[in-house]
Amino acid sequence: MDERVRALLQNDVQEKPVGTRGLTPRTVVVSPGAPILTVGALGDTDPQGDDVCSGPRVGGRCAGSILAGPNGIADTRANNRETQVKLEDFVSSAFRNPQRNRAAGSATINSRHTRGSALDIDPRRMPIPGKTPQQLMCIVEAAGDTVVGERDSFTERGATLFLACDSPSADHVHVQR
């Protein structure tokens, strides 16, 4: 799942090869990758040289398209933020015996946690510059769905409150198979 999260974090598209000359300052050099769940395209590249961020900034980082800038040269390589993710550092729950499962607030007698086929990940603490906790929840949920091959990842608060992945109240993503 680490690999899938990393792929979603680094899915920007190189529209013009680095070093291409004669571009207008409004030419898109790098565009954000495909949209992710409810948060849309995120943008994971920082402008280089005199290239310019034309989209919003999140946490001081470019989250939109990058334009060639005044010199008319494509200076920016897509996905130049070297993001490393180890989800195991953010697992908040995995296998739980039935007693621990009840103590965690689960009302489900046949929980996937008690069978060792579910885990909870808290991406709010992931040190990824330019990404909000809500964006990280959506990225982890989308990665979970891709890895398990169906819509079996969802965002929660506690053990029983299901939320949209971009909800500020969410505290983890539950992934099961």
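These legends go with several views of one predicted model.

**View 1. The whole chain, helices and strands.** Here we have three helices and 11 strands, in the order α-β-β-β-β-β-β-β-α-β-α-β-β-β from the N terminus. Both are DSSP runs numbered from the N terminus: helices are H or I with at least four residues, strands E with at least two. The C-alpha atoms fill a box of roughly 65 × 25 × 25 Å along the principal axes. Residues are numbered from 1 along each chain as its sequence is written. Local features need pLDDT of at least 70, side-chain atom pairs count only at pLDDT 80 or more, while totals for chains, interfaces and linings use all residues, and side-chain values use heavy atoms, leaving out hydrogens and water.

**View 2. The largest nonpolar core.** A nonpolar core is a set of buried Ala, Val, Leu, Ile, Met, Phe, Trp, Tyr and Cys residues joined through side-chain atoms within 4.5 Å; buried means under 20% relative accessible area with a 1.4 Å probe, protein chains only. This one has 22 residues, and Val5, Val85, Leu87, Met126, Ile139 and Val140 have the most contacts inside it. Helix H1 (2-9), helix H3 (133-148) and strand S11 (172-176) each supply at least two of its residues, with H3 giving the largest share, seven.

**View 3. Another core, apart from the largest.** This separate core has nine residues, including Cys53, Cys62, Ala68 and Ala78.

**View 4. Around Leu87.** Setting aside residues up to four places away in sequence, Leu87 touches Met1, Asp2, Val5, Ile121, Met126 and Val140. Contact here means heavy atoms within 4.5 Å.

Notes:
Buried < 20%, exposed > 50% of the residue type's maximum accessible area, 1.4 Å probe, protein only.
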